[in-house]
Amino acid sequence: NTFPSGHAAAAVAVALELMGVVPLAGAVYLLLAISIMAGAFFGRYHYAADVLIGGAIAAINFVAVTMLT
């Protein structure tokens with residue numbers, strides 16, 4: 001059960017939400033989210049598609065919800 005990466009999705013979702021509230025904290029957390037995604041891939045816990053699609057799902061959902069509100 002590795003597709004998509006829930007860790008990547010959660011990290012990106014939190015980073016995007018923080019960007020709207022505290023931009024500096026959001027930017028820092030976005031770097032951490034990218035590090036989490038890289039670690040999951042390079043640590044061989046996930047394939048590249050797992051982390052990329054996990055992050056993309058979070059980003060797409062963030063944009064969709066933001067446009068609806």
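**Stop 1: helix 1.** Select residues 6-21, which form helix 1, in this predicted model. Put a distance line between the two end C-alpha atoms: they lie 23 Å apart, which agrees with the 22 Å that 16 residues should span at 1.5 Å a residue.

Now colour the buried positions of helix 1: Ala8, Ala9, Ala11, Val12, Ala15 and Leu16. What do these buried residues pack against? Turn the view and you will find helix 2 and helix 3. A useful rule while you look along the axis: an α-helix has 3.6 residues a turn, so residues three or four places apart point the same way.

**Stop 2: the end of the helix.** Stay in helix 1 and click on Gly20. Is Gly20 buried or exposed? With a relative accessibility of 66%, Gly20 counts as exposed, because the cut-off for that is over 50%. Next, draw a C-alpha to C-alpha line from Gly20 to Tyr47: the two are 27 residues apart in sequence and 30 Å apart in space.

**Stop 3: the whole chain.** Zoom out for a moment. You should count 3 helices and 0 strands, in the order α-α-α along the sequence. The radius of gyration is 12 Å, close to the 11 Å that the globule rule gives for 69 residues, so the chain is as compact as a globular protein of that length. Along the principal axes, the C-alpha atoms fill a box of roughly 35 × 25 × 15 Å. Of the 69 residues, 25% count as buried. If you like contact maps, note that among contacts with a separation of 6 or more, 60% join residues 24 or more positions apart.

**Stop 4: the core.** Show side chains for Ala8, Ala9, Ala11, Val12, Leu16, Ala33, Met37, Ala40, Val51 and Ala58; these 10 residues make up the largest nonpolar core. Each of helix 1, helix 2 and helix 3 supplies at least two of its residues. Which helix gives the largest share? That is helix 1, with 5 residues. In soluble globular proteins, nonpolar side chains tend to be buried together. For a close-up, pick Ala33, which touches Ala11 and Val12 once residues up to four places away in sequence are set aside.

**Stop 5: Tyr29.** Move to Tyr29 in helix 2. This residue is partly exposed, with a relative accessible area of 26%. Beyond four places in sequence, Tyr29 is in contact with Ala11, Val14, Ala15 and Leu18. Tyr29 and Val12 are 17 residues apart in sequence, and their C-alpha atoms are 8.4 Å apart in space.

**Stop 6: two rings.** The structure holds 1 aromatic pair, and you can see it by selecting Phe41 and Phe42. The arrangement is edge-to-face, with 5.0 Å from centre to centre and 65 degrees between the planes. Phe41 is partly exposed at 34% relative accessible area, whereas Phe42 counts as exposed at 68%.

**Stop 7: His46.** Finish in the loop between helix 2 (23-42) and helix 3 (48-68), where you will find His46. Is His46 buried or exposed? At 14% relative accessibility, His46 counts as buried, because the cut-off is under 20%. Which residues does His46 touch, apart from those up to four places away in sequence? Light up Thr2, Ser5, Ala40, Phe41 and Val51. Then look at Ser5 again: a polar contact of 3.5 Å joins its side chain to that of His46.

Notes
Residues numbered from 1 in each chain as written. Predicted model: local features only at pLDDT ≥ 70, side-chain atom pairs only at ≥ 80, totals over all residues. Heavy atoms only, no water. Helix = DSSP H or I, 4+ residues; strand = E, 2+ residues; numbered from the N terminus. Buried < 20%, exposed > 50% of the residue type's maximum accessible area, 1.4 Å probe, protein only. Polar contact = N/O pair within 3.5 Å; in protein donor to acceptor, adjacent residues only side chain to side chain. Contact = heavy atoms within 4.5 Å. Phe/Tyr/Trp six-rings, centres within 6.5 Å; stacked < 30°, edge-to-face > 60°. Core = buried A, V, L, I, M, F, W, Y, C linked by side-chain atoms within 4.5 Å. Expected span 1.5 Å × (residues − 1). Rg over C-alpha atoms; globule rule 2.2 N^0.38 Å.
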